[in-house]
Amino acid sequence: MFLDFEELTLNVGEQKIFVRHGGDPGNPGLLLLHGYPQTSAMWHAVAPQLTDQFHVICADLRGYGRSSKPASDDLHMPYSKREMAKDMVSVMSQKGHKTFLVGAHDRGARVTHRMALDHPQNVQAMVLLDIAPTREMYRDASKEFATAYWHWFFLIQKHPIPEQIIGNDPAQFWKLKCFNQAEGENPFIAAALDEYIAAFSTPEALHASCEDYRAAATIDIEHDDQDDGRKVEQPLMVLWAKRGVIETCFDAMALWQERADRVEGEAVDATHYMAEEIPEEIASRMLAFFLRQIEQKDAAE
């Protein structure tokens, strides 16, 4: 995986963040963020297609992969998307990019949503894969959504309920949850799947990933409410799975229009793991969108 990409670990405050990066550091910076329960390995087929135009940095979020898994607190603050976003702004700064583009999936896309709000001077534009805004998804939750995304409601239960249950067989839980979201199929290459399961299977990783979801249902919504209606101002493209929950349970564009001023997007023919199912299409759409934003910014200047 990731031919010609360098691997390194960066010190970010008290945390350590693992990254893979490739391409000319003089090119515009492009941060790629993964979802649950994966790692930066999910970009193995997309990232190499973008290095001609961008300096591509694929990071493991705190709590995942080879990044730090800090102790949490009663408010789940260390796993708030605000804290996770701060990590990524520091990562990009250390790699030479004060302003940058972001492509993100699932949990990483939720971190990116918060990063765009908290750090508008840093985030230039973004492509978010297969999410609608967290607060609005909880607000508009239906029986169909709760049935399909049962893990949202399981993982937020008090410690140690989900940790102990998953810990009995982390690999089996991982496959049950993820293959189910891919219509019962396995869309993952062997090397990526091995990394995902190994990274997920420690007690620290299980707890951290549950804290990510607990934060989403509590402190992250508090932070959203504190924005008092302020919207994302940066250009945003949202792509969601035609064969997924966002398509069947929500009006994705309507929800994003509640939270963002300049949003475009559509459903693509894939399931939740679109970056690994249709990597050429995802890379092509990201490339076209980001280059258009750069051209428009240059023209405006």
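Okay, let's start with one cysteine: Cys 249 is partly exposed, with a relative accessible area of 21%. Keep in mind that this is a predicted model.

So what is the nearest cysteine sulfur to that of Cys 249, and how far away is it? It belongs to Cys 178, at 18 Å, and Cys 249 is in no disulfide. As a reminder, a disulfide is a covalent bond between the sulfur atoms of two cysteines. Searching the whole structure turns up 0 disulfides. Cys 210 isn't in one either, and its nearest cysteine sulfur, again that of Cys 178, sits 14 Å away. Is Cys 210 buried or exposed? Its relative accessibility is 0%, so Cys 210 counts as buried.

Next, have a look at the strands. Strand β2 covers residues 15-22, and 7 of those 8 residues are buried, so the rest of the structure largely encloses this strand. On one side of the story we have β1, residues 6-12, running antiparallel to β2 with 7 bridges joining them. If you want a pair to find on screen, try Thr 9, which stands opposite Phe 18 in β2. β1 and β2 make a hairpin with 2 residues between them, and Gly 13 in that turn has a positive phi of about 60°. β2 also pairs with β4, residues 55-59, in the antiparallel sense over 4 bridges. There, Arg 20 has Cys 58 in β4 as its bridge partner.

Now for the empty spaces. The largest pocket has a volume of about 160 Å³. Among the residues lining this pocket are Pro 120, Glu 233, Arg 262 and Lys 297. β6 (123-129) and α14 (279-300) each supply at least two residues of that lining. By class, the pocket lining has 4 nonpolar, 4 polar and 3 charged residues.

How many cavities of 30 Å³ or more does a search of the whole structure find? It finds 2. The largest cavity holds about 90 Å³ of space. Its lining includes Lys 81, His 113, Asp 220 and Arg 259, and α2 gives the largest share, 3 residues. Here's the bit I like: that lining has no nonpolar residues, 2 polar and 6 charged.

The second largest cavity has a volume of about 60 Å³. Tyr 64, Phe 200 and Ser 209 are among the residues lining this cavity, and α8 provides the largest share, 3 residues. The classes here are 6 nonpolar, 5 polar and no charged residues.

Definitions and conventions. Residues are numbered from 1 along each chain as its sequence is written. This is a predicted model: local features need pLDDT of at least 70, side-chain atom pairs count only at pLDDT 80 or more; totals for chains, interfaces and linings use all residues. Side-chain values use heavy atoms; hydrogens and water are left out. Buried means under 20% relative accessible area, exposed over 50%, partly exposed in between (1.4 Å probe, protein chains only). Two strands pair if DSSP finds at least two bridges between them. A disulfide is a pair of cysteine sulfur atoms within 2.5 Å. On a 1 Å grid over the protein atoms alone, a cavity is a set of points where a 1.4 Å probe fits but cannot get out, and a pocket is an open set with protein on both sides within 12 Å along at least five of seven lines; lining residues have an atom within 4 Å of a point. Grid points are joined across faces, edges and corners, and a volume is the space filled by probe spheres set on the points. Ala, Val, Leu, Ile, Met, Phe, Trp, Tyr, Cys and Pro count as nonpolar, Asp, Glu, Lys and Arg as charged, and the others, Gly among them, as polar.
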